[in-house]
Amino acid sequence: MDTMRDRFAPVVSRLLDEDPRVAVVLAVIGSDGFAEAARRHPDRVVDVGIREQLLVGVGGGLALAGLRPVVHTFASFLVERPFEQVKLDLGHQGTGAVLVSAGASYDVAAGGHTHMAPGDVALLDTLDGWTVHVPGHPDEAETLLRHAVRAGDDKVYVRLSTQANREGRPVDGAGFRTVREGRRGTVVAVGPTLDPVLDATRGLDVTVLYATTVRPFDAGALRAATRTAGTDVVLVEPYLAGTSTAAANDALNDLPHRVLGLGVGRRELRRYGTPQEHAIAHGLDAATLRRRLDGFLGNGGTETAAPVPAAAAG
């Protein structure tokens, strides 16, 4: 199976042909995939060299000029290194762009910590107005890329990964999708965590929601699930554990509930290893997820989260 990133250049190259507003900004990484598109559209495919702050700044400038910039590099170089430019050149200037990352949390484990970005979605959460897509399959990535580019002049982040589920599912760039229904808890699986979550919950009486668009957070879908599944909620995210815990708590703020956030831990793993070894080390493999779910949902084990009381009546 090809990867999400394999789909990126062909999809966006076609969008360059279809829409004269679309522009692509690169910082060397990924430029080979746009060689032919650059020959057809030399004024709308820009490579700034290894200058990530300039990468985002040029994207902001193109947006101010009325174009729809698609800005691409590894997540650590796209969100973390030029964060001030993301905050000012896009947010403060009131412009939109499509930031498309590769590498995810630890796809490029061999590159060491400089190439890892488990905190990217949490960092964007400090800013206002961002839509965040986390596809779990190349087919979903293609759909969400098209959706992002065509989303007016919004600020959109598309998080691509080499980690992928076995099959793609219909996505619409909006809410969560119910994959399985149960009565003893709700598990929200984000992007490429769906397969391990489905494996981990086999035989459990739980609802599984699949999230490929995580911002805005689909509070309505979560609340609807808790009507039959109860208000024990587990979030399984392929980035920093607990990134969406506050959003889930806000969605259920008038109900007694418990939320457990699972994802990439804060402790730095200093041995490079493989992405699969990192997933196991962070407890995102099916076997470890099952043990933690059993503990939290009362099927044995010790995983706990503090109960959150209903919001006090005003």
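Let me start with the largest pocket of this predicted model, which has a volume of about 360 Å³. Its lining is made up of 18 residues, and those that lie nearest the centre are Tyr106, Gln163, Pro192, Pro196 and Ala279. If we ask which element gives the largest share of that lining, it is helix α11, residues 275-281, with three residues. By character, the lining of the largest pocket divides into ten nonpolar, five polar and three charged residues.

The second largest pocket holds about 200 Å³ of space, and 16 residues line it, with His113, Pro118, Gly265, Arg266 and Arg267 lying nearest its centre. Here the lining divides into six nonpolar, six polar and four charged residues.

Let me turn now to helix α9, residues 219-229, whose buried residues are Ala221, Leu222, Ala225, Thr226 and Ala229. Seen down the axis of α9, these buried residues fall within an arc of 135°, so they line one face of the helix. The general background is that an α-helix has 3.6 residues a turn, so residues three or four places apart point the same way. On the face of α9 turned away from the buried side we find the exposed residues Arg227 and Thr228. As for what covers the buried residues of α9, the list includes strands β8 (186-190), β9 (207-211) and β11 (232-240), together with helix α10 (245-251). After α9 comes glycine 230, whose phi is positive, near 85°.

I would like to finish with two arginines, and with the question of whether each is buried or exposed. Arginine 258 sits in strand β12, residues 258-264, and because its relative accessibility is 19%, where buried means under 20%, arginine 258 counts as buried. Its side chain is joined to that of aspartate 232 by a polar contact of 3.0 Å.

Arginine 180, in strand β7 (residues 177-180), has a relative accessible area of 26%, and is therefore partly exposed. Its side chain makes a polar contact of 2.7 Å with the side chain of threonine 201. Once its neighbours within four places in sequence are left aside, arginine 180 is in contact with Leu198, Thr201, Arg202, Val206, Thr207 and Val208. As for glutamine 163, which we met among the residues nearest the centre of the largest pocket, arginine 180 is 17 residues from it in sequence and 22 Å from it in space, C-alpha to C-alpha.

Key:
Residues numbered from 1 in each chain as written. Predicted model: local features only at pLDDT ≥ 70, side-chain atom pairs only at ≥ 80, totals over all residues. Heavy atoms only, no water. Buried < 20%, exposed > 50% of the residue type's maximum accessible area, 1.4 Å probe, protein only. Helix = DSSP H or I, 4+ residues; strand = E, 2+ residues; numbered from the N terminus. Arc of directions from axis to C-beta. Contact = heavy atoms within 4.5 Å. 1 Å grid on protein atoms, 1.4 Å probe; cavity = no way out; pocket = protein on both sides within 12 Å on 5 of 7 lines; lining within 4 Å. Points joined across faces, edges and corners; volume = space filled by probe spheres on them. Nonpolar A, V, L, I, M, F, W, Y, C, P; charged D, E, K, R; others polar. Polar contact = N/O pair within 3.5 Å; in protein donor to acceptor, adjacent residues only side chain to side chain.
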